[in-house]
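Here are three short exercises with worked solutions. Keep the sequence and the 3D view open as you go.

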Amino acid sequence: MKILLHIVLMALSTQVYAEKEQINVDPFDLSASQSKVKELGVITKTEVDALEEKAKKLFNSGNCKSAVPALKEYSKKSNWLANLIASSLKPYYSASYDDRKSYPYEKLKPLIPLEKLSNDYKQKRNIALAMHGECLLKLGNKDEAVPVLIKALDLINIDNEAWWKRTRDNLLSIIEVKI
């Protein structure tokens, strides 16, 4: 029985290993970055901050028809900016655990504000998505609102209880669930 169990386990592990896909990464493939630049441009923090101001102003005034495209652009560009900032930290995060562990704190300390800034723009993206979904709901576009609200709920942090509740309530109102 033991021998049979060992044979089965060996066969399964061989099959799993054989099914693993070898991913060949071309270090010169710039297509993903080029596509993003083509779609969203080379954005700046100043540009994204101005988009934030415009989108929030439209949302807060109740002008959802104009707010929807502004929020969509703002959320995409906030995400792109966050990713660009995070890219500047890639050598650290791509390093092995041991290399990161041994990296001097004095050298790491100046990078911490960049990590925080990237995370801040991800949070801004999340709130913009929640606002976008809420506006779609207010405009009566439930079919468009549902996927946006689901994505916002997928991204909103647990500690952002106000937007979690607001977005949850918007989604639940569409599907007529009351708690």
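**Exercise 1.** Describe how helices H9 and H10 pack in this predicted model.

Solution.
- Step 1: Find helix H9 at residues 142–155. H10 spans 161–174.
- Step 2: Take the geometry. H9 and H10 pack at an angle of about 145°. Their axes are 10 Å apart.
- Step 3: Give the hand. The crossing of H9 and H10 is left-handed.
- Step 4: List the residues that make the contact. H9 brings Lys142, Ala145, Val146, Leu149, Ile150, Ala152 and Leu153. H10 brings Trp164, Thr167, Arg168, Asn170, Leu171 and Ile174.
- Step 5: Sort the residues of this contact by character. Nine are nonpolar, two are polar and two are charged.

**Exercise 2.** Is Ser78 buried or exposed, and which residues does it contact beyond its neighbours within four places in sequence?

Solution.
- Step 1: Locate Ser78. It lies in helix H4, residues 64–87.
- Step 2: Check the accessibility. Ser78 has a relative accessibility of 0%. Buried means under 20%, so Ser78 is buried.
- Step 3: Leave out neighbours within four places in sequence. Ser78 is then in contact with Val48, Tyr121, Lys124 and Arg125.

**Exercise 3.** What is notable about the phi of Glu176, and where does this residue lie?

Solution.
- Step 1: Recall the rule. Most residues other than glycine have a negative phi.
- Step 2: Compare. Glu176 is not a glycine, yet its phi is positive, at about 55°.
- Step 3: Place the residue. Glu176 lies in the segment after helix H10.
- Step 4: Check the accessibility. Glu176 has a relative accessible area of 69%. The cut-off for exposed is over 50%, so Glu176 is exposed.

Definitions and conventions: Residues numbered from 1 in each chain as written. Predicted model: local features only at pLDDT ≥ 70, side-chain atom pairs only at ≥ 80, totals over all residues. Heavy atoms only, no water. Helix = DSSP H or I, 4+ residues; strand = E, 2+ residues; numbered from the N terminus. Buried < 20%, exposed > 50% of the residue type's maximum accessible area, 1.4 Å probe, protein only. Contact = heavy atoms within 4.5 Å. Axes fitted to C-alpha atoms, helices over the stretch in contact; angles between N-to-C directions. Left-handed = near helix turned anticlockwise from the far one by under 90°. Nonpolar A, V, L, I, M, F, W, Y, C, P; charged D, E, K, R; others polar.
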